[in-house]
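Q: Got a minute to go through this one with me? I'd like to start with the domains.

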Amino acid sequence: MPNFFEDNEDLKFNFDRLDLRKIIDLKENEFAEADDYDYAPHDHEDARDNYRRVLSLVGDLSANFIEPRAEDVDLEEARYENGEVHYPRGTAEALGRLADADLMGFTLPRRYGGLNMPTVTYAMAIEMVSRADAALMTIFGLQDIAETIHDFADDALKDAYLPQFAEGSVTGAMVLTEPDAGSDLQAVATSAQPEENGDEAGTWRINGVKRFITNGCGDVLLVLARSEPGSRDGRGLSLFLVEKGEGVRVRRIEEKLGIHGSPTCEIQFTNAPAKLIGRRKRGLTTYVMALMNGARLAIAAQALGIAEAAYRAALDFAHSREQFGRPILRFPAVYEILADMQTKIEGCRALLCETGRVVDLEKCYGQRVEQMDRSDPEYREARTTQREYAKLAKALTPMSKFYACEIVNEVTSDAIQVHGGSGYMRDYPVERYFRDARITNIYEGTTQLQVVAAIGCILSGDLAPYFEEMRRREYDRPLGTLGKQLGRILDRLDKCVAFVKKKNSREYTDLHARRIVEIAVDAWIGHLLLEQAVVKEKKQITAKHFITRAAAQADARARLVTSGDQTLIRKYETVLEGT
Amino acid sequence: MGYKIVVCAKQVPDTREISGDAMKADGTLNRSALPAIFNPEDKNALEMALELRDRYGGKVTVITMGPPRAAEILRESLEMGADDVVLLTDRGFAVADTLATSYTIGRAVERTGGADIILCGRQAIDGDTAQIGPQLAGRLGIGQATYVTEVLDLADRTARVKRMIQGGFEVLECRLPLLMTVPDQANEPRPPRAKLIMKYKRARAPWELASQVDPDGGLPEDDLARKLGEIEYALAQKDLLIHEWDGQAIAADMERTGYDGSPTRVMKIEPAVLKKTEHKRVEPTEQGLAELIHELAEDHVLG
């Protein structure tokens, strides 16, 4: 029987290498639940073994239940009839299976029926589900909605909704975007008013229209709305929980390029009853930011899963397709494409795992700090550690999403290229992967917004100590040369950062931000692949392939960044007009 | 109160994973070269049992006969949601043909206090005899329906079931107690549940414990017995001890079990070597393909 975990050596390698000790310590709190729940672990090894078994279960379901339905899901598409949204049959069946297998409360605490597993393992599960059916991920991968309720809502809301999420009897949606508020969520106009007596803990009423809402037909909606009349920016927005039903109407669903199984809804709210989540005015600034960060990691994992599927299809095809008397795999022009695809995927997976691990540490320390008394002698240290991980997570999350969602577009396009004319036809799945991939660098923050988030962290110097550590790391032969090349990439990065800082022009920095972020991401991945190469010989080749190309690209990018050329800034309109 | 449902399951070598060393020189199966799995159609039987329990209430008990490692499929059964499992294991049960096997399982079913419904997979992928189900019904003197794909209704100790027949299906009304055999067309077995995996991965049968506690066989018997007793007690407290019954436990007449109880004798095994002798050209047309498919279906290569 195929299994998307067991058949993926690199995924297993990354899982086995994950240092989960601290995370398990903090999440399991000295294994305090072992006596209360028969499925709680007794020690570290037990917890790891549980994670591995659950990932293998996800791999089994993905390969044997979800993937065989994916083509039909794509053809059937989500439908809108008489005011109701219907999932394709395969989607509904797959959701039923995932719920039956206890997989819809992956990271939620056991108290609410969840599995209490780390985010990094959830990301691995998302990768496998997306490899099977990218559209299904938009529902399976929305578990951050429950997590947001868990992290910020009051106990009454948690007790009411979280068990339903964990058992898979409800699905959710993040209801943020509006026709005039896309990337710029500060412009959200949907209004929220407390009912007559004005008690903010009571019922609120929501009015407005939301657009492009993934799974907007879900049962539990987290709605960003303006609770402070007259306010204009993000500080006037709060987050609300609205149940499907009274005052909530899906007006239409979109016809899309890809992820056909996932309904993208336009929702009209007319005096819809709502509950405030957490505190007023913190909707965008705190809660949605946290929700989006989780979702960004999930989308990065989705992208990685699609890339994995596309690479495997391309590799299979290149083995079996013969032209000029030999398999096309034997031609340099083809094997280089495939090698690039695979190297990007392995680099991406390494970065994603590292990001997931850091996000887990941030969350775990955050919860620990919350539970601690300020007078506790360890409080300060825990608080400092949490802040450090938060800083790192804030940088690595957009870097991961940026990288994964860009390379999946390249990888799926290349997969079609390897297939030649056949890849352009519906007979092969690669055209679907290509279509499904295209949304990933748009939703949950476009690539351009990930660059904005990442460049801030790079220019602020938050990452400098980490880069410095990478530079100082010495590798034994034969990795020494690669270590030096990595050092050169880091030199280029420093040079670029120093240059734009000295230039001190917002527009110039914005123009080159992507190039700088690309150098930083490549350096980080190069470092991770080198570390992998230390323990696994086969990875030496992967690291070399990645770092030599990254070094050449860093040179070219740095040359542009440090050119100081202002032509485009001054004359872009002339260029756009044409001649 | 609900129905007492027993599922008979077998651990089999995965004959779908045949590799070069799957056969010994004498033409018999090299079991150690193949992964041991839950016989696929027994899983369909278990799925049907779990669905019946979910719909009508009751309790599902899975019984398997085999060496201690067959406990593996009992853990799988628990992870899918079975309520109880029994491992029938005894050196005296070994090398049983279907007559001896159905006798032994029949004794075990009686030991459980009898069943309203017994479900078996249509056949096992190692022997392909499809005899255990019907023989067991005969042995227990209860009715049987083979090739059942669906239980349409269950009320007043009568089941209305749909069974596959050549070229179609028929609907039968059967009195309980009833034995049914289930083909793979019946359903798609449910996945194990993550929480049950985490719980039951620790479930063990006593025989498995013995090799775990004393892998080299060096412990004095008293020490071993005491140690095992402690572990078994702790597991039983957590509902993690798999029932293990030997010949004595099911009051079996050992003349009728295992090799002694099996009149079948394998006289000779002839490996069938398939050789390419001729080839046939299929025209790449609708008709050519239709003919090919028809021929493959006739030869049971397909379907």
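A: Sure. One definition before that: the domain bounds here come from an automatic or database domain assignment. Also, this is a predicted model.

Q: OK, so which domains does chain A get?
A: Domain 1 covers 172–281 and domain 2 covers 463–567. Their centres, taken over C-alpha atoms, are 41 Å apart.

Q: Switching to the interface: how many residues of chain A are in contact with chain B?
A: 14 residues of chain A, and they meet eleven residues of chain B. Helix H3 (44–76) and helix H4 (89–100) of chain A each give two or more residues to that side. The largest share is from H3(A), with six residues.

Q: And what's the mix by class on the chain A side?
A: Seven nonpolar, one polar and six charged residues.

Q: What about the largest nonpolar core, how many residues are in it?
A: It has 256 residues. A:Phe240, A:Ala310, A:Val517, B:Val7 and B:Leu119 have the most contacts inside it. Helix H9 (residues 283–320) of chain A gives the most, 22 residues, and domain 1 and domain 2 of chain A each supply at least three.

Q: Which residues does B:Leu119 touch?
A: Leaving out residues up to four places away in sequence, B:Ile5, B:Val7, B:Ala45, B:Met48, B:Ala49, B:Met180 and B:Val182.

Q: Last one: which way do the residues of strand S3 of chain A point?
A: A:Gly172 and A:Met174 point one way, A:Ala173 and A:Val175 the other, and all are buried. S3(A) pairs with strand S6 (residues 220–226) of chain A in the parallel sense, over four bridges, with A:Gly172 opposite A:Val220.

Note on methods: Residues numbered from 1 in each chain as written. Chains lettered and ligands numbered in written order. Predicted model: local features only at pLDDT ≥ 70, side-chain atom pairs only at ≥ 80, totals over all residues. Contact = placed C-beta atoms within 7 Å. Nonpolar A, V, L, I, M, F, W, Y, C, P; charged D, E, K, R; others polar. Buried ≥ 20, exposed ≤ 12 C-beta atoms within 10 Å, placed from the backbone. Pairing = 2+ DSSP bridges. Core = buried A, V, L, I, M, F, W, Y, C linked by C-beta atoms within 7 Å.
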